[in-house]
Amino acid sequence: MRIEFETVSCPLCETDKYEPKLKVPDRFKVEDGNVHQIVRCLNCGFVYLNPRPKAGCVSQFYRSEGYQPFLSTQSSLNVWDWIYRWVRGFSVRYKRHKIERLKSKGRILDVGCGTGEFLNEMQKNDWETVGVEKDEQACEYAQKVYGLRVSTHDLSEFERSETKFDVISFWHVLEHLYAPKQTLEICKSLLDDEGFILVALPDIASFDARFYREHWVALDAPRHLHHFVPESLRALSHSAGLELVKFEQLILDAFFNCLMSERLIMSRKLNRKFVFPVYLLRGLLIAMTSLAVSSGIRQQWHRFGSSNLYYIRKEKD
Ligand SMILES: [Zn+2]
């Protein structure tokens, strides 16, 4: 199938004036030589992919071997994949603890739930869980292996139900969506008045993003369409009638982003065995520097963690 691209205006302020920022290869197809353009809006500074694949043909970019959210559906795994799966066990418990600090039990909707490992953790701890996942293979895996209630439907399908959700989560999903504002508006209608939307996102203003530039793994072109920072997510939330209450760094994600960025650089080197320890050490060092730099600055809106977890709720009158 031929892949079609479209040029778009700024998804945040709708201005069509922008400047090129980076040229980035697809990290799973570096060898084919194609690059995708990331631009910066000249009006509001928002950073986004432009041009981008049309929504109808983007799914083919998600079926690459090694694409982490769908690893469970793959038969052959390399050493990095095994490490990822091992760390994922800690990660899902960490996410549950974050949520249970807000509410000990309730009803959760996970948007873009992948193969369902996080929802499975919640279900095992007596949460009522619902997931949506566009990838049919991942959706089927979550249903069959974990017995989860997961569907490939649009979020708007849930608007018919009277029951509201206590938590709606987006673990590294919002940056993939073609209509993030409309998605948040729907979430607002699905959310209990006291509920929270949790959004995990990489931060393009972070120390590690600046260090790795076009090699920064979280650019993930052309799957990541939007690159939010705290200010732009606050503006987007406000436009959807929501309030961004606070955010914090995701520590594991800083190590993931840095080590995977080093892996990307290393994949282009001839003498990989020799340089591996050097790149591993540098990745760890950059991750720790990124965490230290962003936790050392007190001014909340200018903290730039490698990835942040944002807490969003309905705006109070
Ligand atoms: Zn703009």
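This is a guided tour of one protein chain, with suggestions for what to select at each stop and a description of what is found there.

**The whole chain**

Begin with everything shown as a cartoon, and keep in mind that the model is predicted. The protein chain has eight helices and 13 strands, and of its 317 residues 40% count as buried. Among the contacts that join residues at least 6 apart in sequence, 72% are between residues at least 24 apart.

**The sheet of seven strands**

Select the strands in the order E8-E7-E6-E9-E10-E13-E12, which together form an open sheet with mixed pairing. At its edges stand strand E8 (150-151) and strand E12 (242-249), each with a single partner strand, so one side of each has no neighbour in the sheet.

Now narrow the selection to strand E6, residues 107-111, which is joined to strand E9 (residues 165-171) by three bridges, the two strands running parallel. Within this pair, Ile 108 has Val 167 of E9 as its bridge partner. Strand E6 also pairs with strand E7 (residues 128-132), again in the parallel sense, over five bridges, and here Leu 109 stands opposite Val 130 in E7. Four of the five residues of E6 are buried, and the strand is therefore described as mostly covered.

**Leu 155 and the loop after E8**

Move next to Leu 155, which is found in the loop between E8 and E9. Is Leu 155 buried, exposed or partly exposed? It is partly exposed, because 18 other C-beta atoms lie within 10 Å, whereas a buried residue would need 20 or more. Setting aside neighbours within four places in sequence, Leu 155 is in contact with Val 111, Val 132, Thr 183 and Ile 186. If you draw a distance between the C-alpha atoms of Leu 155 and Val 132, it should read 7.4 Å, although the two residues are 23 residues apart along the chain.

**Helices H2 and H3**

Select helix H2, residues 117-124, and colour its buried residues, which are Glu 117, Phe 118, Leu 119, Glu 121 and Met 122. Just after this helix comes Asp 126, whose phi is positive, near 70°.

Then add Tyr 146, which is placed in helix H3 (residues 136-146) and counts as partly exposed, with 19 C-beta neighbours inside 10 Å. Leaving aside neighbours within four places in sequence, Tyr 146 is in contact with Gly 116 and Asn 120. Tyr 146 and Asn 120 are 26 residues apart in sequence, while their C-alpha atoms are 6.2 Å apart in space.

**Helices H4 and H6**

Show helix H4 (residues 180-190) together with helix H6 (residues 230-239), which pack at an angle of about 55° with their axes 9 Å apart. That angle makes H4 oblique to H6, and the crossing of the two helices is right-handed. Which residues meet here? On the H4 side they are Pro 180, Lys 181 and Leu 184, and on the H6 side Leu 236, Ser 237 and Ser 239. The residues of this contact divide into three nonpolar, two polar and one charged. With H6 still selected, bring back the strands E10 (191-202), E12 and E13 (307-314), since H6 lies across these three and runs at about 155° to E12.

**The sheet of four strands**

Turn to the open sheet with the order E2-E3-E4-E11, in which the pairing is antiparallel. Its edge strands are E2 (18-25) and E11 (226-227), each of which pairs on one side only. Inside the sheet, strand E3 (residues 35-41) and strand E4 (residues 47-49) run antiparallel and are joined by three bridges, with Tyr 48 in E4 as the bridge partner of Val 39.

**Backbone details**

Most residues other than glycine have a negative phi, and most peptide bonds are trans. The last stops depart from that pattern.

- Select Asn 50 and Pro 51, which are joined by a cis peptide bond with omega near 0°; Pro 51 is in the loop between E4 and strand E5 (52-53).
- Select Ala 221 and Pro 222, where the joining peptide bond is also cis, with omega about 0°; Pro 222 is in the loop between helix H5 (207-212) and E11.
- Select Glu 14, in the loop between strand E1 (5-6) and E2, whose phi is positive, near 70°; with 11 C-beta neighbours inside 10 Å, Glu 14 counts as exposed.
- Select Arg 213, in the loop between H5 and E11, which has a positive phi of about 45° and is exposed, with 12 other C-beta atoms within 10 Å.

Technical notes
Residues are numbered from 1 along each chain as its sequence is written. This is a predicted model: local features need pLDDT of at least 70, side-chain atom pairs count only at pLDDT 80 or more; totals for chains, interfaces and linings use all residues. Axes are lines fitted to C-alpha atoms, for helices over the stretch in contact, and angles run from 0 to 180 degrees between N-to-C directions. Angles under 35 degrees count as roughly parallel, over 145 as roughly antiparallel, 65 to 115 as roughly perpendicular and the rest as oblique. A crossing is left-handed if the near helix is turned anticlockwise from the far one by less than a right angle, and right-handed if clockwise. Two residues are in contact if their C-beta atoms, placed from the backbone, lie within 7 Å. Ala, Val, Leu, Ile, Met, Phe, Trp, Tyr, Cys and Pro count as nonpolar, Asp, Glu, Lys and Arg as charged, and the others, Gly among them, as polar. Two strands pair if DSSP finds at least two bridges between them.
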